[in-house]
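Please go through the main contacts and backbone features of this structure, grouped by topic. Keep it to a short briefing.

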Amino acid sequence: MTSSNDFQWRRDRDGLGVWEHRGKVAVAGYGHSPVDRRWDEKNLDTSLGAYTIMACEKAMEQAGVTIDQVDGIVCCDSHIAGASGGTASQWAPRPYFDPPYDSEYGLTLINAQWLIDTMGFKNVKFAPTGVPTIGEMVGMASQAVGDGVCSTCLVIYPTGNMEGRYRRGGENADDYARGARQWTVPWGNHGGNDFINIFPHRQYLTKYGGEHEDLVHFVRNQHKNGMLTPWGYNATHNVQPISVEDYIGSRPILNPLRIWDCDRPVNASAAYLFTTAERAQDMKSQPVYVLNHSQHNFRFRTTQPDLDEVEMWTDRQAARMYEGAGLGPADVDIFNPYDGYSIMTQFFLEGFQWHGVKRGEALSFYAGDISVKGPHPFSSSGGNLGNGRTRTAMYTDSIEQLRGTAGDRQVNVRAETALCAFTTPSSGGWLMLGKHPS
Amino acid sequence: MPKIIPVPDELSQPFWDAVNEQRLILQNCTACDKLQYPPQASCQACGSADGLEWTDVEGNGHIAAYIVIEDGRLNRRMLDQPYNLALVTLDQDPTVNFYSNLPGVPAYEVPVGAAVEVTFEEVAPGQLIHEWRVVE
């Protein structure tokens, strides 16, 4: 049964105190599909629907949960190409295929109802519609489990991509700018995290010093960590880390932003199984515990966020997360912030002051030893720059590091707490995980 | 290539009407004396919805930063690439900012920190947009 997304689950205000369900919710399993560059629009075994089913089955298998035990499905029902992809959400080839691939659902979009119908879930009582992206979905599921809305909840994030049409259609092909776009598009800003962050990034370099090219150390490290992530795009397609020369000579996009500052759109899906800490004790794999979740959606005060605004926003994100988890910067072992564009990650690193990094210090921190085997294993997941635009590597790596199952990426430092996110400086969410419930 | 054409809505119609008369007007909140752009239904600073009124502003600003769009996604601007996209702060209230392509300034030759003044550019018959030019 599909229920509406109408319960109060967000922790999106300052000063909320320690999360009431701290340590009482756990992640007991995860599953990834293969990560392809694009779907070929022919093979249904590699469609977004097939990959999402595969990810769900893997997550349930890892947790030792049967399909009848699942009573919650939180699935983002918007492909990440967004409203500018192709002709909005009508992206799949026509005519459609035989059921269950007889609409956009299963091909370019996935929602809870399609999964219920296709996979045969019988006992789902929480399947909200209008679900946000994974940065907030994990918080929604955590709160739902903590509140008892459901007890065994799959969180699913599909990311679709097909040939040649990524965000080049829809409103980006329009001669007119409507709604909020009337204030940006006439001058060339079509929106997105790249535009949000590139101006603050330039102001950052002016204020604190350094060159854009100093980001190469971070980008290369993401690529290296990606090659240590067996399921990711880079590892499965042998995308070797770029050289400094490759980076400096690479194609400009929004100069100084280069192609290697941007993650690679992919066709993939991932699923996570959230449950109560109590139930997780009897499940098949080692659980990790949710110590806090938080969300934010800060309003722009004018057309373009500037550095002051971005720093204020990320300071507030950090304060909310640390307060809700009852932890501080020195307590965080694993730190996997969002890196979809390399130019934004320093704002999170400095806002959360991970390993003592203060405002203006990120570029010199990147130039030090941030490898997974070193003393400062920053973004051990490899993120999206190292694995493709799945937006899930940050979560999976955090779980694996706490379990001690990260393989060649396993850090040498303590790994008992992990912060992970898909978020921009203005909107998204954070998740704090712990090896122990307290 | 021509720029993309803004479509006024109920909230923005007074702004674009003024632009078409080559005037720059912004919302001003009488409750907290704060200028606001883009227009909103309520004041971003204090939340007041009743205190917003349109006011003419002096079209003077400075270039805070810029990028060069080399590979954007807007079909209508593809042939313009590469082109400057500058961030202009308003002198009357530097927390208010605008975008500008800085007409007449070659790509990559943007004088960051320079003074600019508002100008107006036709993007469709009868429809102007506000632009900014460097003050010599």
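In this predicted model, helix α4 (residues 193–208) of chain A and helix α9 (residues 307–325) of chain A have axes that come within 9 Å and cross at roughly 95°. Because of that angle, α4(A) is roughly perpendicular to α9(A). Further helix contacts in chain A, the interface between chain B and chain A, and some backbone features are listed below.

**Helix α4 of chain A and its partners**

- From α4(A), the residues that touch α9(A) are A:P200, A:Q203, A:Y204, A:K207 and A:Y208.
- On the α9(A) side, the contact is made by A:L307, A:D308, A:V310 and A:E311.
- By class, this contact of α4(A) with α9(A) holds five nonpolar, one polar and three charged residues.
- The axis of α4(A) also comes within 10 Å of the axis of helix α10 (residues 345–352) of chain A, and the two cross at roughly 65°.
- Here α4(A) contributes A:N197, A:P200, A:H201 and A:Y204, while α10(A) contributes A:Q346, A:F347 and A:E350.
- The contact of α4(A) with α10(A) consists of three nonpolar, three polar and one charged residue.
- A:P200 and A:Y204 appear in the contact with α9(A) and in the contact with α10(A).

**Helices α1 and α2 of chain A**

- Helix α1 (residues 48–63) of chain A and α2(A) have axes that come within 11 Å and cross at roughly 75°.
- Given this crossing angle, α1(A) is therefore roughly perpendicular to α2(A).
- The residues of α1(A) in this contact are A:G49, A:T52, A:I53, A:C56, A:E57 and A:M60.
- They meet A:W114, A:L115, A:T118 and A:M119 of α2(A).
- Sorted by class, the contact of α1(A) with α2(A) has six nonpolar, three polar and one charged residue.

**Interface of chain B and chain A**

- Chain B places 45 residues in contact with 40 residues of chain A.
- About 3,900 Å² is buried between the two chains, and carbon and sulfur atoms give 55% of this area.
- B:I67, B:R73 and B:Y99 supply 23% of the area that chain B buries against chain A, more than any other three residues.
- Two salt bridges are counted between chain B and chain A.
- A salt bridge joins the side chains of A:D175 and B:R76, at 3.2 Å from N to O.
- Polar contacts across the interface number 26 residue pairs, with both residues at pLDDT 80 or more.
- On the side of chain B that touches chain A, the elements giving two or more residues are β1 (5–6), α1 (13–20), β5 (60–69), β6 (83–90), β7 (93–100) and β9 (127–134) of chain B.
- That side of chain B is made up of 27 nonpolar, ten polar and eight charged residues.

**Backbone features**

- Most residues other than glycine have a negative phi, and most peptide bonds are trans.
- The peptide bond from A:R94 to A:P95 is cis, with omega near -5°.
- A:P95 sits in the loop between β2 (72–75) and α2 (112–119) of chain A.
- In chain B, a cis peptide bond joins B:Q81 and B:P82, with omega about -5°.
- B:P82 belongs to the loop between β5 and β6 of chain B.
- A:N238 is not a glycine, yet has a positive phi of about 50°.
- The loop that holds A:N238 runs between α6 (233–236) and α7 (244–248) of chain A.

Terms used
Residues are numbered from 1 along each chain as its sequence is written. Chains are lettered from A and ligands numbered from 1 in the order in which they are written. This is a predicted model: local features need pLDDT of at least 70, side-chain atom pairs count only at pLDDT 80 or more; totals for chains, interfaces and linings use all residues. Side-chain values use heavy atoms; hydrogens and water are left out. Axes are lines fitted to C-alpha atoms, for helices over the stretch in contact, and angles run from 0 to 180 degrees between N-to-C directions. Helices (H or I, at least four residues) and strands (E, at least two) are DSSP runs, numbered from the N terminus. Angles under 35 degrees count as roughly parallel, over 145 as roughly antiparallel, 65 to 115 as roughly perpendicular and the rest as oblique. Contact means heavy atoms within 4.5 Å. Ala, Val, Leu, Ile, Met, Phe, Trp, Tyr, Cys and Pro count as nonpolar, Asp, Glu, Lys and Arg as charged, and the others, Gly among them, as polar. Buried area is the accessible area (1.4 Å probe) that two parts lose on being put together, summed over both. A salt bridge is a side-chain nitrogen of Lys or Arg within 4 Å of a carboxyl oxygen of Asp or Glu. A polar contact is a pair of N or O atoms within 3.5 Å; within protein, one must be able to donate a hydrogen and the other to accept it, and residues adjacent in sequence count only if both atoms are side-chain atoms.
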